[in-house]
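The report below goes through one structure, moving from a single side chain outwards to helices and sheets. Please keep the sequence and the model in view while reading.

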Amino acid sequence: MPNTIEHVRRFHSELVALRHDIHANPELAFQETRTSDIVAAALSRWGIEVHRGLAKTGVVGVVRGRTGSSGRAIGLRADMDCLPMFETADLPYKSTHPGRMHACGHDGHTTMLLGAARYLAETRNFDGTAYLIFQPAEEGGGGGNEMVKEGLFDRFPADAVYALHNWPSLEAGKIAVRPGPVLAATDEIQITVRGKGGHAALPHLACDPVVASAQIISSLQTVASRNVSPLDSVVVSVCSMQTSQVGAFNVIPDFVRLIGTVRTFRAETRELAEQRIREIVTAIAQGLGASAELEYRRGYPATVNHTQEAEFAAAVGEHLFGRENVVRDAEPTMGGEDFSYMLLARPGAYVFLGQGGAELGCLLHNSKYDFNDQVIPLGAGYLAALVEESLPIG
């Protein structure tokens with residue numbers, strides 16, 4: 001077993017206790033005060049230089065290697081925030097704050113990076129500098145973007161940056177990484193269709209926005225089927241319909257509001273999708289005598305791994321876990337990530353760490369989700385190995 005993983009196993013139980021504490025006390029975007037205090041205290045205890053304040057609750061630890069002749073540096077990032085969800089799993093460390101839950105494993109990500117931090121501080125078996133980036137507000141807050149805008153890589157000039165995310169559908173002990181797009185751009189659409197309300201039994205005297213909305217919802221699916229190449233990917237999902245009239249079975253409402261999301265990988269496809277959505281929404285509403293307003297909000301850009309860094313991340317995984325446990329051709333997912341902003345600023349790669357459990361219903365953003373404590377040494381050891389192999393002594 002590789003030395004990094006075996007070394008971390010020495011204090012595995014301490015990391016598990018730390019993870020359970022963070023899990024029981026989840027904090028939402030830009031409110032991770034307690035979590036960042038825990039992170040900063042642990043880093044200081046291990047003799048690591050601590051910097052706070054980026055993106056309000058962000059923490060950056062600086063570990064210098066045994067030598068620094070290379071002049072190079074590597075960044076490792078973990079997210080700290082939770083989701084606004086109610087936890088339903090019966091765990092001894094269940095969330096103590098109703099309506100807040102670590103349902104995506106950020107408690108595990110933070111813990112694994114702390115494990116790597118302790119290992120690096122105790123061994124310093126590398127030539128250069130490691131920047132340990134504990135980021136707030138990944139779940140919709142864009143904390144990664146805020147850290148970059150506030151000078152993350154000006155103050156901590158990493159030559160490359162890596163992130164590790166748990167993946168329940170991947171067997172524990174495996175990693176998956178690929179060059180190119182791995183996660184989609186995440187845009188939000190809000191469509192307001194306005195008509196003329198009236199009696200449902202006299203529809204000819206009204207202008208029904210529900211009918212217009214139904215036509216719009218169906219036609220938006222042609223963006224994927226008839227506007228984008230079958231070899232490309234786009235998702236247009238309308239996920240919510242709200243009307244100005246609720247509870248009456250015989251009233252045509254004045255307006256309908258549709259809320260949904262658009263997911264793409266390529267910038268050109270993103271532009272095309274927005275253009276076609278605007279055209280479809282406007283034309284169909286007008287054709288049926290109604291009107292429509294579209295609010296298109298750009299979310300996170302696509303997360304795109306750099307080729308050289310993705311290949312390097314895979315090679316490190318092969319050294320640690322064996323070639324048979326590294327998936328180099330994993331399909332991209334239409335989920336989104338604000339690590340994308342860091343990859344726009346620096347070369348790097350986003351890596352999936354198998355944690356298993358999907359067959360048991362352990363899915364991300366599920367009210368019964370829990371991070372697999374058994375993979376903590378694997379993830380921490382892998383992050384540490386990225387530093388050692390990227391910045392070898394001699």
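## His23 and its surroundings

His23 has a relative accessibility of 0% and therefore counts as buried, the cut-off being under 20%. In this predicted model, His23 belongs to helix α2, and, leaving aside residues up to four places away in sequence, His23 touches Glu87, Leu91, Tyr93, Lys94, Ser95, His102, Asp107, Tyr369 and Asp370.

## Asp370, a partner of His23

Asp370 is placed in the loop between β16 and α12, the latter spanning 376–390. With a relative accessible area of 15%, Asp370 is buried, because the limit for that class is under 20%. Its contacts, again not counting residues up to four places away in sequence, are with Arg19, His23, Leu91, Tyr93, Gln355 and Cys362.

Which side chains make polar contacts with the side chain of Asp370? One is that of Arg19, at 2.9 Å, and another is that of Tyr93, at 2.4 Å. Asn305, by contrast, lies 65 residues from Asp370 in sequence and 27 Å from it in space, as taken from C-alpha to C-alpha.

## The packing of α2 on α4

Helix α2 (residues 12–24) packs with helix α4 (residues 106–123) at an angle of about 145 degrees, the two axes being 9 Å apart, and the crossing of α2 and α4 is right-handed. On the α2 side the contact is made by Glu14, Leu15, Leu18, Arg19, Ile22 and His23, which meet Asp107, Gly108, Thr110, Thr111, Leu114, Gly115 and Arg118 of α4. Sorted by class, this contact of α2 with α4 holds 4 nonpolar, 5 polar and 4 charged residues.

## The eight-stranded sheet

How are the strands ordered in the open sheet of 8 strands? The order is β1-β2-β4-β3-β5-β16-β6-β15, and the pairing is mixed. The edges are formed by β1 and by β15 (326–327), each of which pairs on one side only.

Within this sheet, strand β5 (residues 160–167) has 7 of its 8 residues buried, so β5 is largely enclosed by the rest of the structure. Strand β3 (residues 73–79) runs parallel to β5 and is joined to it by 4 bridges, with Leu76 having Tyr162 of β5 as its bridge partner. Strand β16 (residues 348–354) also runs parallel to β5, through 7 bridges, and here Tyr162 stands opposite Ala349 of β16. Towards the β15 edge, strand β6 (residues 175–176) and β15 run parallel and are joined by 2 bridges, Ala176 standing opposite Val327 of β15.

Helices lie against this sheet as well. Helix α10 (residues 307–321) packs on the sheet, touching β5, β6, β15 and β16, and its direction makes about 35 degrees with that of β16. Helix α3 lies across β1, β2 and β4 (129–135), and runs at about 160 degrees to β1.

## The four-stranded sheet

A further open sheet has 4 strands in the order β10-β12-β8-β13, with antiparallel pairing. Its edge strands are β10 (234–243) and β13 (291–297), each pairing on one side only, and neighbouring strands of this sheet are turned by 20 degrees against each other on average when direction is ignored.

Strand β8 (residues 185–194) and strand β12 (residues 255–264) run antiparallel and are joined by 10 bridges, with Gln190 standing opposite Ile259 of β12. Helix α9 (residues 267–287) lies across β8, β10, β12 and β13, and runs at about 165 degrees to β13.

## Positive phi values in two loops

Two residues other than glycine deserve a look for their backbone angles. Phe30, in the loop between α2 and α3 (33–45), has a positive phi near 65 degrees. Ala55, in the loop between β1 (49–52) and β2 (59–64), likewise has a positive phi, near 55 degrees.

Are these residues buried or partly exposed? Phe30 is partly exposed, because its relative accessible area of 22% falls between the limits of 20% and 50%, whereas Ala55 is buried, with a relative accessible area of 3%.

Notes
Residues numbered from 1 in each chain as written. Predicted model: local features only at pLDDT ≥ 70, side-chain atom pairs only at ≥ 80, totals over all residues. Heavy atoms only, no water. Buried < 20%, exposed > 50% of the residue type's maximum accessible area, 1.4 Å probe, protein only. Pairing = 2+ DSSP bridges. Axes fitted to C-alpha atoms, helices over the stretch in contact; angles between N-to-C directions. Left-handed = near helix turned anticlockwise from the far one by under 90°. Contact = heavy atoms within 4.5 Å. Nonpolar A, V, L, I, M, F, W, Y, C, P; charged D, E, K, R; others polar. Polar contact = N/O pair within 3.5 Å; in protein donor to acceptor, adjacent residues only side chain to side chain.
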